[in-house]
Amino acid sequence: LAALLAVLIWQVRRPDGVTVDSQKVALAQSEYLTRNQVSQEWLTQLESALASASADTLAALFNPDCHWRDLLAFDWEIITHSGAAKVSLALAKAAALHAPNNFQVNMQRQPAQWVKRAGQETIEAFFSFDTQVGPCEGILRLSAQEGQEELKAWTLMTSLLEIAGHE
């Protein structure tokens, strides 16, 4: 994940003699792709951790002050879990029951973007996934805690769209 965020700094001289900071050019060209790549990489790590049902592996993906709001996607309740330890335990338990898979950034809803929520800068991404119950969607907000470079989940919302076989 950190490798996706790293950009080399070097100078480029255009044919007209103007020197361009390649970091700024690279950031402008790759900002769109990078936000989506970072979000998709996190979702891929989430899917892998859910498949292993490892609470420790799941906890490593979340900031300590995280929140997960589930609207029937993983449990037959509308419930919020707060804190990395509680979120990871609840996700591990639910994953064993519902076999979530196929996590993908939902580009048709909206590409991942930088937003400010509750005073915190985050990458916000809409995503889709499937469970044994039916198709689901969610919203992910990734942020870095002070003193850390790695983006982890600050908030996660998951929702069941429909029950398979009852479309």
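**Note on salt bridges, a buried serine and a nonpolar patch**

1. Arg 109 counts as partly exposed, its relative accessibility being 43%. The structure is a predicted model, and the values below should be read in that light.

2. The side chain of Arg 109 meets that of Glu 137 in a salt bridge, with an N to O distance of 3.0 Å. Arg 109 belongs to the loop between strand S5 (101-105) and strand S6 (113-117), whereas Glu 137 belongs to strand S8 (residues 135-143), so this pair ties together parts that are 28 residues apart in sequence.

3. How many salt bridges does the structure hold? The total is 3. Besides the pair of Arg 109 and Glu 137, there is a network of salt bridges that links Arg 117, Glu 124 and Arg 141.

4. Within this network, Glu 124 and Arg 117 meet through their side chains at 3.1 Å, N to O. Arg 141 also forms a salt bridge with Glu 124, and here the closest N and O atoms are 2.7 Å apart. Arg 141 lies in strand S8 and Glu 124 in strand S7 (residues 120-130), so the pair ties together parts that are 17 residues apart in sequence.

5. Is Glu 124 buried or exposed? Glu 124 is buried, because its relative accessible area is 4% and the cut-off for a buried residue is under 20%. Its partner Arg 117 counts as partly exposed, at 32% relative accessibility. In general terms, side chains of opposite charge can pair when their charged atoms come close.

6. Glu 137 also appears in the surroundings of Ser 159. Ser 159 is placed in strand S9 (residues 152-160) and counts as buried, because its relative accessibility is 14%. Which residues does Ser 159 contact, leaving aside its neighbours within four places in sequence? They are Leu 71, Ala 73, Cys 136 and Glu 137.

7. A further point concerns the surface. Leu 72, Trp 76, Ile 78 and Ile 163 make a nonpolar surface patch of about 390 Å². One of these residues, Trp 76, is found in the loop between strand S3 (62-71) and strand S4 (78-82). Trp 76 is classed as exposed because its relative accessible area is 52%, and the class requires a value over 50%.

8. In summary, Glu 124 is a buried residue that pairs with both Arg 117 and Arg 141, while Trp 76 is an exposed residue within a nonpolar surface patch.

Technical notes: Residues are numbered from 1 along each chain as its sequence is written. This is a predicted model: local features need pLDDT of at least 70, side-chain atom pairs count only at pLDDT 80 or more; totals for chains, interfaces and linings use all residues. Side-chain values use heavy atoms; hydrogens and water are left out. Patches are made of residues with over 30% relative accessible area and no salt bridge: like charges are joined within 9 Å, nonpolar side chains (Val, Leu, Ile, Met, Phe, Trp, Tyr) within 5 Å. Accessible areas come from the Shrake-Rupley method with a 1.4 Å probe; for residues, only the protein chains shown count as cover. A salt bridge is a side-chain nitrogen of Lys or Arg within 4 Å of a carboxyl oxygen of Asp or Glu. Helices (H or I, at least four residues) and strands (E, at least two) are DSSP runs, numbered from the N terminus. Buried means under 20% relative accessible area, exposed over 50%, partly exposed in between (1.4 Å probe, protein chains only). Contact means heavy atoms within 4.5 Å.
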